[in-house]
Amino acid sequence: WFPPLDGAEVLCLASGGGQQGPLLAAAGAKVTVFDNSPAQLAQDQLVAEREGLELRLVEGDMRDLSSFADASFDLIVHPVSNVFVSDVRPVWREAFRVLRPGGELLAGFMNPYEYVFDREQLERTGEAIARFSLPYSDLESLSTEERLRMFGPDAPLEWSHTLEDQIGGQLEAGFVLVGLYEDHRHDDPIARFMPSYIATRALKPAT
């Protein structure tokens with residue numbers, strides 16, 4: 001589900017990479033892509049130039065949208081990216097602030113139970129063995145050697161978040177939740193046991 005996009009002010013929040021932003025711009029939206037990775041924003045620039053689209057690209061932390069005034073956007077699209085911040089509640093508060101009354105937030109996030117299992121064991125034997133307690137943090141759950149071996153030196157740190165923070169945090173910020181959807185990551189063995197992703201649709205009340 002999407003609202004009418006022609007002329008809508010859309011914020012792609014922590015959404016660099018040349019995927020959502022160009023699609024929304026092609027549908028007629030006025031799109032701002034906000035991301036903390038210059039490399040991800042460069043992908044959006046590449047696709048925009050290739051397809052003749054106009055995108056506004058802004059670098060920054062998803063927890064701090066102070067570069068935008070209150071009530072700047074009609075729609076925020078926030079894909080599965082808040083795994084890269086340790087505290088997700090500021091993301092919801094800032095999203096609520098920069099949305100116009102009646103605006104919508106479409107957000108995706110990882111099912112937190114994805115982080116319970118030993119990934120190396122899963123890839124090696126196919127067995128899903130619970131290893132980590134939640135909420136998960138790369139910094140607290142893995143040694144430096146494990147992080148380097150599993151992800152390499154340039155991989156970003158990841159955190160899981162509780163459903164209380166993901167969904168309750170939206171409600172606490174003032175959103176009204178009107179939709180929830182679960183989906184499976186088809187290349188992930190854990191998807192045999194449970195949905196990999198959760199998506200929500202939330203409204204900022206018009207009054």
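Rings of Phe, Tyr and Trp (its six-membered ring) pair if their centres lie within 6.5 Å, with planes under 30 degrees apart counting as stacked, over 60 as edge-to-face and the rest as tilted. This is a predicted model, where local features need pLDDT of at least 70, side-chain atom pairs count only at pLDDT 80 or more, and totals for chains, interfaces and linings use all residues. Residues are numbered from 1 along each chain as its sequence is written, and side-chain values use heavy atoms, with hydrogens and water left out.

**Exercise 1. Aromatic rings**

Task: count the aromatic pairs, then classify those that involve Y136 and Y115 or F132.

Solution.
- Step 1: The ring rule yields five aromatic pairs.
- Step 2: Take Y115 and Y136 and get the two descriptors: the centres are 5.0 Å apart and the planes sit at 25°, so this pair is stacked.
- Step 3: Place the two rings, using helices (H or I, at least four residues) and strands (E, at least two) as DSSP runs numbered from the N terminus. Y115 is in the loop between β5 (99–110) and α4 (119–125), and Y136 is in the loop between α4 and α5 (138–141), so the pair ties together parts that are 21 residues apart in sequence.
- Step 4: Check burial, where buried means under 20% relative accessible area, exposed over 50% and partly exposed in between (1.4 Å probe, protein chains only). Y115 and Y136 are both buried.
- Step 5: Now swap Y115 for F132. F132 and Y136 pair edge-to-face, at 5.3 Å centre to centre with 70° between the planes, and both are buried.
- Step 6: Elsewhere, F34, F68 and F73 make up one aromatic cluster.

**Exercise 2. A charge over a ring**

Task: find which ring the charged end of K204 sits over.

Solution.
- Step 1: The test asks for NZ of Lys or CZ of Arg within 6 Å of the ring centre and within 35 degrees of the ring normal.
- Step 2: The ring is that of F96, with the charged end of K204 4.7 Å from its centre.

**Exercise 3. Strand β7 and its neighbours**

Task: sort the residues of strand β7 by face and list the strands it bridges to.

Solution.
- Step 1: In a regular strand, side chains alternate between the two faces of the sheet.
- Step 2: For β7 (residues 197–203), I198, T200 and A202 are on the covered face, while Y197, A199, R201 and L203 are on the uncovered one.
- Step 3: Strands pair if DSSP finds at least two bridges between them. β5 and β7 run antiparallel, joined by seven bridges, and A202 in β7 has L105 opposite.
- Step 4: β6 and β7 are also antiparallel with seven bridges, and E182 has I198 of β7 as its bridge partner.
- Step 5: For a spot check, P101 belongs to strand β5, and its C-alpha is 8.4 Å from that of L203, 102 residues apart along the chain. P101 counts as exposed, at 52% relative accessibility.

**Exercise 4. Salt bridges**

Task: how many salt bridges are there, and which parts of the chain do the pairs of E172, R185 and R131 connect?

Solution.
- Step 1: The criterion is a side-chain nitrogen of Lys or Arg within 4 Å of a carboxyl oxygen of Asp or Glu. Searching the whole structure gives 16 salt bridges.
- Step 2: E172 meets R89 at 2.8 Å, N to O. E172 is in helix α7 (residues 163–173) and R89 in helix α3 (residues 89–98), so this contact ties together parts 83 residues apart in sequence. E172 is exposed at 55%, whereas R89 is buried at 16%.
- Step 3: R185 meets E114 at 4.0 Å, N to O. R185 is in the loop between β6 and β7 and E114 in the loop between β5 and α4, so the pair ties together parts 71 residues apart in sequence. R185 comes out partly exposed at 27%, and E114 buried at 3%.
- Step 4: R131 and E146 have their closest N and O atoms 2.9 Å apart. R131 is in the loop between α4 and α5 and E146 in helix α6 (residues 144–151), 15 residues apart. R131 is partly exposed at 38%; E146 is buried at 13%.
- Step 5: Follow the shared partners, and E114, R119, R185, D187 and D188 join into one network.

**Exercise 5. Backbone oddities**

Task: locate the cis peptide bond and say where A14 and A71 lie.

Solution.
- Step 1: The bond from L134 to P135 is cis, with omega near 0°, and P135 is in the loop between α4 and α5.
- Step 2: A14 has a positive phi, near 50°, without being glycine. A14 lies in the loop between β1 (9–13) and α1 (20–26) and is buried at 11%.
- Step 3: A71 has a positive phi of about 55° and is not a glycine either. A71 sits in the loop between β3 (55–59) and β4 (73–78), partly exposed at 31%.
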